[in-house]
Amino acid sequence: MILLDGKATSNSIKEEIAAEVEKLKQQGKKVPHLAAVLVGEDGASQTYVNSKVKSCERVGFDSTLIKLPASTSEEELLKTIDDLNNNDNIDGYIVQLPLPDHIDENKVTLAVAPGKDVDGFHPENVGRMSLGLPTFLPATPNGIMEMLGRYNIETSGKNCVVIGRSNIVGTPMSILMSRNTNPGNATVTLVHSRTKNLAEITRRADIIIVALGKPKFLTADMVGEGTVVVDVGIHRIEDSTKKSGFRLVGDVDYENVAPKCSAISPVPGGVGPMTIASLLQNTLKAISLQH
Ligand code: NAD
């Protein structure tokens, strides 16, 4: 069984990016600058944003963290976004989701300049992805593609089941896996909360990408021998034996599923670090679009 080690893979990507940044510096060029906007005090969001900013520093990018209180109005946030769109010093930026209930996420996504949308959420970038045109690919699905590619996982002609149809993971994942690329060229089935006989479908899969947000949802009886399983879910489960009081689990019942797999990504240390590496790749790409 191959462990799809997202931590080690993302470290290799970060080293490659750091070498690119060093080249830019030696040529006297501007280094990429990523900004992150965080609205409110959500604990998980703070952790994600801090780790994105820290990763920027590690590869030599400039980074700016804009922290706004939960009481920030939609108008104020849109003004911040407009400022970032017009700030030539910022090459790309993200607005960490979820946003407080009084702010319309769609309005925010539409306000981000497509050329700075390193999360790849703007409809123009989603459209470009669907057409196979150069663009920013959404970080989590692209991180998974990168992981499958670097581990030489054969995807062409394989039956790939994606569980979950969210705009940021499941739906773009299904598009990327079905495109005429390598990795890609898979026969994709996108299953969701209304799917009937889900276990029958997953048992026939060669590759299962699990992104539905339910701890240990994918169990051993739902998986055939030799399957490749990629676990996107992240959940904090109370655990008094840990200093932090919790441990992280994914959407896959890892202990029981792993023995049946030809390859599997763990949680933590799988898709999470790949998402950050992918965001850094997009930010490096942004600099060539801006200058
Ligand atoms: P979401 O809640 O937006 O979407 C969940 C999807 O799962 C929905 O489309 C729904 O139809 C489907 N679903 C729900 N119940 C189902 C069922 N019983 N059977 C089949 N499908 C079902 O979730 P999301 O934003 O895509 O996130 C999914 C998980 O991935 C969460 O745990 C999230 O924390 C995690 N996540 C991790 C990363 C990372 O970097 N590792 C990034 C994004 C999300």
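**View 1. Proline 98 sits in the loop that runs between strand 4 and helix 4.** The model shown here, and in every view below, is predicted. The peptide bond between leucine 97 and proline 98 is cis. Its omega is about 0°. Glutamine 96 also belongs to the loop between strand 4 (92–95) and helix 4 (105–111).

**View 2. Glutamine 96 pairs with lysine 52 through their side chains.** The polar contact between the two side chains spans 2.9 Å. Glutamine 96 counts as buried because its relative accessibility is 8%, and the cut-off for buried is under 20%. Beyond its neighbours within four places in sequence, glutamine 96 touches Val37, Leu38, Ser45, Tyr48, Val49 and Lys52. Lysine 52 thus appears both in this contact list and as the polar partner.

**View 3. A second cis peptide bond is found between valine 267 and proline 268.** Omega is about 0° at this bond. Proline 268 is placed in the loop between strand 11 (261–264) and helix 10. Helix 10 itself covers residues 271–290.

**View 4. The protein divides into domain 1 and domain 2.** Domain 1 takes in residues 28–113. Domain 2 takes in residues 139–271. Their centres, taken over C-alpha atoms, are 28 Å apart.

**View 5. The largest nonpolar core contains 45 residues.** Within this core, the residues with the most contacts are Ile17, Phe61, Ile144, Met177, Ile209 and Val230. Helix 10 (residues 271–290) supplies the largest share, with 7 residues. At least three core residues come from domain 1 (28–113), and at least three from domain 2 (139–271). A second, separate core has 17 residues. Among its members are Val161, Leu198, Leu218 and Met222. In soluble globular proteins, nonpolar side chains tend to be buried together.

**View 6. Valine 230 is one of the core residues with the most contacts.** Which residues are in contact with valine 230, leaving aside its neighbours within four places in sequence? They are Leu4, Ile144, Met147, Leu148, Ile208, Ile209, Val210, Ser265 and Val271. Ile144 and Ile209 in this list are also among the core residues with the most contacts.

**View 7. The ligand is surrounded by 22 residues.** The closest are Arg165, Ser166, Lys214, Val232 and Thr275. Helix 10 gives the largest share of this shell, 3 residues. Helix 10 also gives the largest share of the 45-residue core.

**View 8. Polar atoms of histidine 192, valine 232 and threonine 275 lie beside N or O atoms of the ligand.** Threonine 275 contributes a polar side-chain atom, 2.8 Å from an oxygen atom of the ligand. Valine 232 contributes a polar backbone atom, 3.4 Å from a ligand nitrogen. Histidine 192 contributes a backbone N or O atom, 3.5 Å from a ligand nitrogen. On its own, the ligand has 860 Å² of accessible area, and the protein covers 72% of it.

**View 9. Helix 7 has buried residues at Gly170, Pro172, Met173, Ser174, Leu176 and Met177.** What covers the buried residues of helix 7? The cover includes helix 5 (123–131) and helix 6 (139–150). It also includes strand 5 (159–163), strand 6 (187–191) and strand 7 (207–210). Met177 of this helix is one of the residues with the most contacts inside the 45-residue core.

**View 10. Isoleucine 175 belongs to helix 7 (residues 170–178).** Is isoleucine 175 buried or partly exposed? Its relative accessible area is 23%, so isoleucine 175 is partly exposed; the cut-off for buried is under 20%. Leaving aside neighbours within four places in sequence, isoleucine 175 contacts Met129 and Ser130. Isoleucine 175 and alanine 113 are 62 residues apart in sequence. In space, C-alpha to C-alpha, they are 23 Å apart.

**View 11. Asparagine 185 and asparagine 197 each have a positive phi.** Neither residue is a glycine. Phi is near 55° at asparagine 185 and near 50° at asparagine 197. Asparagine 185 occupies the loop between helix 7 and strand 6. Asparagine 197 occupies the loop between strand 6 and helix 8 (198–203). At 31% relative accessibility, asparagine 185 is partly exposed. Asparagine 197 is exposed because its relative accessible area is 52%, and exposed means over 50%.

How values were computed: Residues are numbered from 1 along each chain as its sequence is written. This is a predicted model: local features need pLDDT of at least 70, side-chain atom pairs count only at pLDDT 80 or more; totals for chains, interfaces and linings use all residues. Side-chain values use heavy atoms; hydrogens and water are left out. A nonpolar core is a set of buried Ala, Val, Leu, Ile, Met, Phe, Trp, Tyr and Cys residues joined through side-chain atoms within 4.5 Å. Buried means under 20% relative accessible area, exposed over 50%, partly exposed in between (1.4 Å probe, protein chains only). Helices (H or I, at least four residues) and strands (E, at least two) are DSSP runs, numbered from the N terminus. Domain bounds come from an automatic or database domain assignment. Contact means heavy atoms within 4.5 Å. A residue is near a molecule or strand if one of its heavy atoms lies within 4 Å of it. A polar contact is a pair of N or O atoms within 3.5 Å; within protein, one must be able to donate a hydrogen and the other to accept it, and residues adjacent in sequence count only if both atoms are side-chain atoms. Accessible areas come from the Shrake-Rupley method with a 1.4 Å probe; for residues, only the protein chains shown count as cover.
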